[in-house]
Amino acid sequence: MVERRIVHISTVHQPFDQRIFYRECASLASAGYETHLLAPLPVTELERRGVYLHSVGALVDQRLGLALKRRWQRIRQAAVLARRLQADLYHLHDPELIPLGLWLKAKRRARVVFDCHENNAAYIRQKRHVPALLRGGLAVGMEALERLASRSFDAIITADRGVADLYLHRFGARRVVTIHNFPQLDLFLQQPPPADDAPFDLVYHGTIPRYHLEVTFAVAEALRRRGRQVRWLFFGKCPEAAWAQAEIARRGLQDDIMLDANLVPHEQVAVRVRQAKIGFIPLPDLPKFQHNIPTKLFEFMALGMPTVLSDLPPSRPFVGDGRCAIMVPPDDSEAYAEAIIRLLDDLALRRAMGAEGRARVMNEFNWQREAQYLLALYTELL
């Protein structure tokens with residue numbers, strides 16, 4: 001194969017994002033593509049796993065005005081680097097990069113792919129830090145951008161079928177490929193299932209929004225009303241960590257909930273997750289979650305852990321039969337509590353459900369299979 005130059009671009013994700021770096025870029029580099037990633041980095045350049053990383057500027061938390069200015073500066077730097085690298089294909093990961101993609105396609109006549117990680121318009125409508133009066137207009141503007149991408153770019157990649165359907169039916173996309181965020185077998189299957197006496201009962205990892213914690217508090221209190229005290233482990237990015245710690249203290253849940261707001265490197269996630277017996281995914285019934293599959297569900301399954309999660313449409317095709325997870329009505333704290341008690345009190349059930357989930361990941365729901373769809377798309381486009 002003639003070596004082709006590929007450039008992935010993100011100005012808002014961490015450079016070692018699970019989907020962008022560990023799954024997609026690493027797979028492309030292994031397949032022989034000269035793979036570059038433009039992303040926020042504290043250093044100018046580095047190389048890892050055969051991927052060449054270039055900095056568009058560091059991610060710095062600032063007041064709103066300065067944060068927007070820094071974001072614009074990162075987009076400008078991405079444009080400079082993208083033009084300099086002269087790639088055969090540009091793979092964009094942020095909706096605000098769609099105008100850059102349109103420019104690259106017009107000026108360089110390169111192949112351009114937009115990788116949509118979630119239902120962006122629905123996500124805007126539920127962001128509490130955005131004034132309510134602005135959300136509707138921003139969401140409409142986002143949909144207009146995505147419609148442009150659908151009709152101009154060479155392909156749209158989505159992480160689940162729900163978002164793919166939006167692009168096909170609402171935006172009229174010409175080419176849509178679904179590539180799920182299933183686990184990498186080498187990272188998760190090398191870990192044994194959690195010990196029967198693991199130090200925590202339940203675990204949640206990844207970005208920890210306020211509404212997930214509010215459901216957790218209600219479930220913890222429902223369990224206490226039933227005379228049960230369980231141990232929860234939350235780790236990952238928590239945008240409202242100060243509020244969360246204060247609320248845990250106010251409710252007297254310090255002995256129940258361990259909240260670690262530090263980022264854990266992707267290679268260490270599996271080891272940390274298996275400190276608990278059961279995976280926990282308390283998604284609320286909001287529009288965004290009507291289309292997105294929770295990636296952590298498959299990571300729990302890969303580790304041989306049963307999961308208690310919200311009964312929402314995207315997850316039903318994978319675990320709706322109840323053989324490796326228990327689905328409950330969203331926001332129903334009593335139903336969550338009942339499912340948790342059932343699993344904690346039945347070791348044989350936990351083992352059986354964990355084994356079934358692990359088998360499904362080994363046989364079907366894994367990145368090794370999904371990577372083939374990515375590579376097939378690149379072969380088709382190039």
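Ile281 stands opposite Leu309 in strand 13. That pair belongs to the contact between strand 12 and strand 13, which run parallel and are joined by 3 bridges. The model is predicted. Two topics follow: a parallel sheet with its helices, and a buried glutamate in helix 5.

**The sheet**
- The open sheet has 6 strands in the order 11-10-9-12-13-14, with parallel pairing.
- Its edges are strand 11 (257-260) and strand 14 (325-328), each pairing on one side only.
- Neighbouring strands of the sheet are turned by 20° against each other on average, direction ignored.

**Strand 12 and its partners**
- Strand 12 spans residues 276-281, and 6 of its 6 residues are buried.
- Strand 9 (residues 200-205) runs parallel to strand 12, and 3 bridges join them.
- Within that pairing, Leu202 has Ile278 as its bridge partner.
- Strand 12, helix 11 (residues 295-302) and strand 13 (residues 307-310) form a right-handed β-α-β unit.

**Strand 14 and the packed helices**
- Strand 13 and strand 14 pair in the parallel sense over 4 bridges.
- Ser310 has Val328 in strand 14 as its bridge partner.
- Helix 8 (residues 210-225) packs on the sheet and touches strands 9, 10, 11 and 12. Its direction makes about 170° with that of strand 10 (232-235).
- Helix 13 (residues 333-344) lies across strands 9, 10, 12, 13 and 14. It runs at about 160° to strand 12.

**Glu146**
- Glu146 sits in helix 5 (residues 132-152).
- Glu146 is buried yet has no salt bridge. Arg170, the nearest side chain of opposite charge, is 7.3 Å away.
- Beyond its neighbours within four places in sequence, Glu146 contacts Ile98, Phe114, Cys116, Asn120, Tyr167 and Phe171.

Conventions. Residues are numbered from 1 along each chain as its sequence is written. This is a predicted model: local features need pLDDT of at least 70, side-chain atom pairs count only at pLDDT 80 or more; totals for chains, interfaces and linings use all residues. Side-chain values use heavy atoms; hydrogens and water are left out. Buried means under 20% relative accessible area, exposed over 50%, partly exposed in between (1.4 Å probe, protein chains only). Lys and Arg count as positive and Asp and Glu as negative; His and the chain ends are not counted. A salt bridge is a side-chain nitrogen of Lys or Arg within 4 Å of a carboxyl oxygen of Asp or Glu. Contact means heavy atoms within 4.5 Å. Two strands pair if DSSP finds at least two bridges between them. A crossover is right-handed if, with the strands pointing away from the viewer, the path from the first strand over the helix to the second runs clockwise. Axes are lines fitted to C-alpha atoms, for helices over the stretch in contact, and angles run from 0 to 180 degrees between N-to-C directions.
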